[in-house]
Amino acid sequence: MRRAADWKLDEPAWTGRMKIISIGKLAYIKLEDKNSGELFAQAPVEQYPGCVVEAVTDSSRYFVVRIEDGNGRHAFIGLGFADRGDSFDFNVALQDHFKWVKQEGELAKEEASQSTAPKLDLGFKDGQTIKISIGNIKKKDPGAKSRPMGSGLLLPPPMAKGAFLVSPPGGQQSPPPTQSNTASLLDFGGPVPAAQPTADLWGDFTAAGASSSQDTAKGWVQF
């Protein structure tokens, strides 16, 4: 087990900046000069957690990293952060990358399995039928009469008991109705104007009675 307390933390051998980049499924830890950006060392990471990056047992700010020079040679160095937040970001960045790699692998497997699986034929065969049952639907009563649609004229209400027409007194006419500022809402060609009533509503009846009595008097012999 490796402990950061065994290292010379007060006298680090090198100080610089660090980058993590991803190329395909690999993550690369690059240690560069903080002024010139010159590469000091790098560590290709194939999986995390793994043998390339290991945390120490006595601190969360220090790790053991396996670096390579590209010619097959490698070495283990101690890597530490002055700020605990930086070490947290370092840990999360590696975890997120390999979580993405895992998801991509699972999606590739699903696509491969779907491409090899036989496709389902959900179409109807010749002569094949289906039956659908739908409940809670009331059947229409054949004996019930359908209610006619459309508009119609309504009869006036019946007259109350004891109601009667009263003729106006002789010589007096009812005043004509006043015209209000209204417009006709419905007109099927216009009504035929009614004849104006005579001044004496009973004049025709009295004239007819007088003429008939005179004719009767002429047909009788007066004694």
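This report describes the strands, two chosen residues, the largest pocket and the largest cavity of a predicted model.

## Strands β1, β2 and β3

Strand β2 covers residues 26-32. Six of its seven residues are buried, so the strand is largely enclosed by the rest of the structure. Strand β2 pairs with β1 and also with β3, and these two pairings are taken in turn below.

Strand β1, residues 17-23, runs antiparallel to β2, and seven bridges link the two. One bridge can be traced by eye: Ser 22 has Ala 27 of β2 as its partner. The two strands form a hairpin with two residues between them. Gly 24 lies in that turn and has a positive phi of about 65°.

Strand β3 is made up of residues 39-45 and is joined to β2 by six bridges. These strands also run antiparallel. Within this pairing, Tyr 28 stands opposite Pro 44 in β3. The hairpin of β2 and β3 has six residues between the strands, and Gly 37 in this hairpin takes a positive phi near 80°.

## Strands β4, β5 and β6

Strand β5, residues 62-68, is mostly covered, with five of its seven residues buried. Strand β5 has pairings with β4 and with β6.

Strand β4, residues 53-55, pairs with β5 in the antiparallel sense over three bridges. Here Glu 54 stands opposite Val 64 in β5. The hairpin formed by β4 and β5 has six residues between the strands.

The pairing of β5 with β6, residues 74-80, is antiparallel and has seven bridges. In this pairing Glu 68 faces His 74 of β6 as its opposite residue. Five residues lie between the two strands of this hairpin, and Gly 70 in the turn has a positive phi of about 90°.

## Two residues: His 97 and Ile 21

Is His 97 buried or exposed? His 97 has a relative accessible area of 10%, and because the cut-off for buried is under 20%, it counts as buried. This residue belongs to helix α1, which spans residues 84-116. Setting aside residues up to four places away in sequence, His 97 touches Ser 22, Gly 24, Lys 25, Leu 26 and Ala 27. Two of these have already appeared as a bridge pair: Ser 22 and its partner Ala 27. Another, Gly 24, is in the turn of the β1 and β2 hairpin.

Ile 21 is part of strand β1. Its relative accessible area is 32%, which makes it partly exposed, because that class lies between 20% and 50%. With neighbours within four places in sequence left aside, Ile 21 is in contact with Leu 26, Ala 27, Tyr 28 and Lys 30. Leu 26 and Ala 27 are also among the residues that His 97 touches. The C-alpha atom of Ile 21 is separated by 9.7 Å from that of Leu 94, although the two residues are 73 residues apart along the chain.

## The largest pocket

Rolling a probe the size of a water molecule over the atoms shows where empty space is left. The largest pocket holds about 580 Å³ of space. There are 21 residues in its lining, and those closest to its centre are Pro 12, Trp 14, Gly 78, Leu 79 and Gly 80.

Which strand gives the largest share of the lining of the largest pocket? That strand is β6, with four residues. Strands β1 and β6 each supply at least two residues of this lining. By type, the lining has 13 nonpolar, four polar and four charged residues.

## The largest cavity

How many cavities of 30 Å³ or more does a search of the whole structure find? The search finds one. The largest cavity contains about 30 Å³ of space.

Its lining consists of Ile 29, Leu 31, Ala 41, Gln 42, Ala 43, Val 65, Ile 67, Ile 77 and Leu 79. Strands β2, β3, β5 and β6 each give at least two residues to this lining, and the largest share, three residues, comes from β3. Eight of the lining residues are nonpolar and one is polar, with no charged residue among them. Leu 79 also appears among the residues closest to the centre of the largest pocket.

Note on methods. Residues numbered from 1 in each chain as written. Predicted model: local features only at pLDDT ≥ 70, side-chain atom pairs only at ≥ 80, totals over all residues. Heavy atoms only, no water. Buried < 20%, exposed > 50% of the residue type's maximum accessible area, 1.4 Å probe, protein only. Pairing = 2+ DSSP bridges. Contact = heavy atoms within 4.5 Å. 1 Å grid on protein atoms, 1.4 Å probe; cavity = no way out; pocket = protein on both sides within 12 Å on 5 of 7 lines; lining within 4 Å. Points joined across faces, edges and corners; volume = space filled by probe spheres on them. Nonpolar A, V, L, I, M, F, W, Y, C, P; charged D, E, K, R; others polar.
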